[in-house]
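The following briefing goes through one protein model, moving from its overall dimensions to individual side chains. Please keep the sequence and the structure in view while reading.

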Amino acid sequence: MRTVKKRLKMSKFERLLYTLAIVLAVSSPVFIVGSKATLSKVNFEVEQQKKQIAAQQKKNESISMKINELASLDKIQEVAKNQGLSYNNDNIKTIKEDN
């Protein structure tokens, strides 16, 4: 005795749905891994930029301190004396900057 199996025919819409579900099931993990890798790369670059900013801020502070040191009255008087100049407070005019 032979058994006859009936094969169910799927409509085009059902095949499309199954194909779409398989494609989504396969592509979603790939998309998730790719997006996490991109996010990780961006976070790494942000951290690198933060380190560079911090280093530049330290340099800027150091330079500002050096400028303040060189612009001090004592330093100006020392340089003037070394150049053979004298300090006369009556000859100094103050200029105020209005914003």
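What percentage of the 99 residues in the protein do buried residues make up? In this predicted model, buried residues account for 1% of the 99 residues. The radius of gyration of the protein is 38 Å, whereas a compact globule of 99 residues would have one near 13 Å.

**Overall form and surface**

- The secondary structure of the protein consists of two helices and zero strands, and helix H1 covers residues 12–70.
- Along the principal axes, the box filled by the C-alpha atoms of the protein comes to roughly 125 × 30 × 15 Å.
- The exposed surface of the protein is about 10,500 Å², and carbon and sulfur atoms supply 59% of that area.

**Charges and the salt bridge**

- Among the side chains of the protein, 18 are positive and 10 are negative, and the centres of these two sets lie 31 Å apart.
- One salt bridge is found when the whole structure is searched; Glu 47 forms a salt bridge with Lys 50, with 3.9 Å between the closest N and O atoms.
- Because Glu 47 and Lys 50 are three residues apart in helix H1, about one helical turn separates them.
- Glu 47 has a relative accessibility of 41% and therefore counts as partly exposed, a class that lies between the limits of 20% for buried and 50% for exposed residues.
- Arg 7, Lys 9, Lys 12 and Arg 15 form a positive surface patch; of these residues, Lys 12 has its place in helix H1.
- The relative accessible area of Lys 12 is 70%, so this residue is exposed, the cut-off for that class being over 50%.

**Nonpolar side chains**

- A nonpolar patch on the surface is formed by Phe 13, Leu 16 and Leu 17, which together have about 330 Å² of accessible area.
- Phe 13 is located in helix H1, and this residue counts as exposed because its relative accessibility is 55%.
- Leu 8 is found in the segment before H1, and with a relative accessibility of 76% this leucine likewise counts as exposed.
- Between Leu 8 and Leu 24 there are 24 Å in space, taken from C-alpha to C-alpha, and the two residues are 16 residues apart in sequence.

**Points to take together**

- The radius of gyration of 38 Å, set against the value near 13 Å for a compact globule of 99 residues, can be read alongside the 1% of residues that are buried.
- Helix H1 holds Phe 13 of the nonpolar patch, Lys 12 of the positive patch, and the pair Glu 47 and Lys 50.

Conventions
Residues are numbered from 1 along each chain as its sequence is written. This is a predicted model: local features need pLDDT of at least 70, side-chain atom pairs count only at pLDDT 80 or more; totals for chains, interfaces and linings use all residues. Side-chain values use heavy atoms; hydrogens and water are left out. Helices (H or I, at least four residues) and strands (E, at least two) are DSSP runs, numbered from the N terminus. The radius of gyration is taken over C-alpha atoms; the globule rule is 2.2 Å times the number of residues to the power 0.38. Buried means under 20% relative accessible area, exposed over 50%, partly exposed in between (1.4 Å probe, protein chains only). Accessible areas come from the Shrake-Rupley method with a 1.4 Å probe; for residues, only the protein chains shown count as cover. Lys and Arg count as positive and Asp and Glu as negative; His and the chain ends are not counted. The place of a charge is taken as NZ of Lys, CZ of Arg, CG of Asp or CD of Glu. Patches are made of residues with over 30% relative accessible area and no salt bridge: like charges are joined within 9 Å, nonpolar side chains (Val, Leu, Ile, Met, Phe, Trp, Tyr) within 5 Å. A salt bridge is a side-chain nitrogen of Lys or Arg within 4 Å of a carboxyl oxygen of Asp or Glu.
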